[in-house]
Amino acid sequence: MRAAIMPEAGKIELIDVTLPDMMEDEVLVDVKAVGICTFEQGFYYGKSGGFPFAGGHEICGVVEKVGSSVAQDLKPGDKVIVLSLTRCGECYYCRKGYDNQCENAKDVQKIPGVDGPGGFAEKFIAKGYEVFKIDESVPFERGILAEPLACVTHSMNVSGINTGDYALICGGGAMGIIHLLLAKQRGAKVIVSEPTKERREKAFEFGADYVVDPINEDLQAEIMKITDGRGVEKAFFTAGGKVAIEGAVQALAIRGTLVIYGGTGANDEFMVNPKWFHYKEITITGVTKHTKETIRVAAELLSLKELPLDHLITSTFSFEEIEAALIEARQISSYRPVVLMDK
Ligand SMILES: [Zn+2]
Ligand SMILES: [Zn+2]
């Protein structure tokens, strides 16, 4: 079968690889669609290191073969999403139920001899617990959103968001929009802070109640106007660095919670004043990855009619065009380019 490998930054090649024999607890998946996430862009654009690298972690496909000891009810032909979880199930955190913090979740080698999740490939061998059945009605390209939906569901759960809450979302990229959709779905009124006009307009189309330009508008004043001077119950940082994080903390209402979802840089350290916690009883927390439970939820979210998920799939490419997909992913107008294996 063919797999796409990055031998170095700025280069991606389709090569022939032989998959190892499948184990009894594994499932062979015929890959149909793979999303391009910031994780893969990081390697392609040289921000992340470790080559050769096999990208592709947002995977949707069809079951081809099921190992004899796979516990769930899976059969060839089932439509599934696949997430590399590499959860040991035995470490302290797995047993505590914090499986996204598994101590033994080390780098995987799905393509023999190459680090990385390895979903940019025609076939994929996954552990049974990494495979989740989805509704037959879900198009393959929408299925790749299960991974970001699972991460954002974790973010929503940690925030404790409730009906009637005001939620500020910093950043209107794909992750910001998914936060917006799930916050709306949980009954919040959503304010998206995003410097790009085009993305603010898109956020409106996706259902934002308010959008603010944090560069040319006074974010705090706008938020206080919207919330009758109280601030937001929940804030989610998806992008924008230190300035956005500081703005989000200032925007919190009494007992408000900020969730740091997005990645930050070396210069994004910020000062906190203990008085904020003492008098305003605010919470600053964060999330990483997804849990088995939030993936299960994400698999269900994929077929909810009320979520306009298909609008996040901004372009599709054939496997041969994967490099063009990585380039497209950088465009402001792009949320999720998807590689379709049968295109
Ligand atoms: Zn992703
Ligand atoms: Zn573990």
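## Backbone features in the loops

In this predicted model, K289 is placed in the loop that links strand 13 (283-286) to helix 10 (292-301). Although K289 is not a glycine, its phi is positive, at about 55 degrees. K289 has 17 C-beta neighbours inside 10 Å and therefore counts as partly exposed, since that class lies between the limits of 12 or fewer for exposed residues and 20 or more for buried residues.

Another positive phi belongs to D228, a residue other than glycine, with a value near 55 degrees. D228 is part of the loop between helix 7 (219-226) and strand 11 (232-237). Because D228 has 8 C-beta neighbours inside 10 Å, it counts as exposed.

A further backbone feature concerns a peptide bond. The bond joining F51 and P52 is cis, and its omega is about -5 degrees. P52 belongs to the loop that runs between helix 1 (38-44) and strand 4 (59-66). These features deserve notice because most residues other than glycine have a negative phi, and most peptide bonds are trans.

## Pairing of strands

Strand 4, which follows the loop holding P52, takes part in two pairings described here. Strand 3 (residues 26-35) runs antiparallel to strand 4, and 7 bridges join the two. Within this pairing, A33 is found opposite C60 of strand 4.

Strand 4 also pairs with strand 5 (residues 79-82), again in the antiparallel sense, over 4 bridges. Here V62 stands opposite K79, a residue of strand 5. As a general point, the side chains of a regular strand alternate between the two faces of the sheet.

## Domains and their contact

The domain assignment of the chain gives domain 1 (2-145 + 302-340) and domain 2 (158-286). Domain 1 is thus written as two segments, 2-145 and 302-340. The C-alpha centres of domain 1 and domain 2 are 30 Å apart.

The contact between these domains involves 9 residues from domain 1 and 8 residues from domain 2. On the side of domain 1 that touches domain 2, the residues comprise 5 nonpolar, 2 polar and 2 charged.

Terms used
Residues are numbered from 1 along each chain as its sequence is written. Chains are lettered from A and ligands numbered from 1 in the order in which they are written. This is a predicted model: local features need pLDDT of at least 70, side-chain atom pairs count only at pLDDT 80 or more; totals for chains, interfaces and linings use all residues. Two strands pair if DSSP finds at least two bridges between them. Domain bounds come from an automatic or database domain assignment. Two residues are in contact if their C-beta atoms, placed from the backbone, lie within 7 Å. Ala, Val, Leu, Ile, Met, Phe, Trp, Tyr, Cys and Pro count as nonpolar, Asp, Glu, Lys and Arg as charged, and the others, Gly among them, as polar.
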